[in-house]
Amino acid sequence: MRFNSQEESAICKRVVCLTGEAGIGKSHSIASAVSSSISRGAPAILLLGQQFTSTDTAEKQIMDLLHVNSDFQNFIEVLNAYGERVQQDVIIYIDALNESPNKAIWKQGLFSIISEVMRQQHVKFLFSFREGYKNALLSDEVNSLISQKDILSMHH
């Protein structure tokens with residue numbers, strides 16, 4: 001399954017939250033978008049919720065998973081500088097937040113990740129989770145950004 005036209009236009013947004021029922025094709029669509037980006041030479045990072053297995057912050061786990069020896073803020077700034085240099089946005093995808101054993105890391109840390117991304121011009125962030133996990137994963141701050149349309153929330 002590929003992204004539909006509404007989903008394709010959503011990529012113009014800095015941060016996108018993609019939700020949907022189990023088996024509907026969220027992960028397939030994300031994998032397809034990453035593959036398409038890479039085939040065009042565009043930078044993309046894909047992480048899976050199931051990879052976030054420790055009690056460390058989500059930001060620290062991202063750095064560990066990518067084997068980056070830096071703090072998260074500096075990493076995002078470097079990605080932004082790279083995106084500016086190559087004149088393409090760097091998109092970070094984290095698929096299936098609900099598959100993290102410790103879902104609390106998202107409620108505690110997702111807002112911080114989003115805030116760092118929103119400060120940049122050439123970094124975008126798409127995260128997904130299965131319908132029914134919103135309350136376990138999203139803080140009041142993230143829900144507020146969705147309500148204010150600062151984050152585009154899409155149901156797949």
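Colleague: Axes here are lines fitted to C-alpha atoms, for helices over the stretch in contact, and angles run from 0 to 180 degrees between N-to-C directions. With that, at what angle do H3 and H5 pack?

Modeller: In this predicted model, the angle between H3 and H5 is about 75°, and their axes lie 8 Å apart. Angles of 65 to 115 degrees count as roughly perpendicular, so H3 is roughly perpendicular to H5.

Colleague: Which residues make the contact?

Modeller: From H3, Ala58, Glu59, Gln61 and Ile62. H5 contributes Ile105, Trp106, Ser112 and Ile113.

Colleague: And how do the residues of that contact divide into nonpolar, polar and charged?

Modeller: The contact of H3 with H5 has 5 nonpolar residues, 2 polar and 1 charged.

Colleague: Which residues of H3 are buried?

Modeller: H3 covers residues 58-65, and its buried residues are Ala58, Gln61, Ile62 and Met63.

Colleague: What do the buried residues of H3 pack against?

Modeller: Two strands and two helices: strand E2 (44-48), strand E3 (90-95), helix H4 (72-86) and helix H5 (104-118).

Colleague: What follows H3?

Modeller: His67 follows H3, with a positive phi near 55°.

Colleague: Changing topic. Which element has the lowest mean pLDDT, and which the highest?

Modeller: Helix H1 (residues 5-10) has the lowest, with a mean of 56, and H3 has the highest, 98. Over the protein, the average pLDDT is 92, and 92% of the residues score at least 70. Where pLDDT is low, the predicted coordinates should not be read in detail.

Colleague: On to the sheet. What is the strand order?

Modeller: The 5 strands form an open sheet in the order E2-E3-E4-E1-E5, with parallel pairing. E2 and E5 (152-155) are the edge strands, each pairing on one side only. On average, neighbouring strands of this sheet are turned by 15° against each other, ignoring direction.

Colleague: Over how many bridges do E2 and E3 pair?

Modeller: E2 and E3 pair over 5 bridges, in the parallel sense. As for residues, Ile45 stands opposite Ile92 in E3.

Colleague: Where does helix H2 pack?

Modeller: H2 (residues 26-39) packs on the sheet, where it touches strand E1 (15-20), E2, E3 and strand E4 (123-130). The direction of H2 makes about 155° with that of E3.

Colleague: Back to H5, then. Which strands does H5 touch?

Modeller: H5 packs on the sheet and touches E1, E3 and E4. Its direction makes about 155° with that of E4. H5 also packs with H3, at the angle of about 75° you started with.

Conventions: Residues are numbered from 1 along each chain as its sequence is written. This is a predicted model: local features need pLDDT of at least 70, side-chain atom pairs count only at pLDDT 80 or more; totals for chains, interfaces and linings use all residues. Side-chain values use heavy atoms; hydrogens and water are left out. Buried means under 20% relative accessible area, exposed over 50%, partly exposed in between (1.4 Å probe, protein chains only). Helices (H or I, at least four residues) and strands (E, at least two) are DSSP runs, numbered from the N terminus. Contact means heavy atoms within 4.5 Å. Angles under 35 degrees count as roughly parallel, over 145 as roughly antiparallel, 65 to 115 as roughly perpendicular and the rest as oblique. Ala, Val, Leu, Ile, Met, Phe, Trp, Tyr, Cys and Pro count as nonpolar, Asp, Glu, Lys and Arg as charged, and the others, Gly among them, as polar. pLDDT is the predictor's confidence in each residue, from 0 to 100. Two strands pair if DSSP finds at least two bridges between them.
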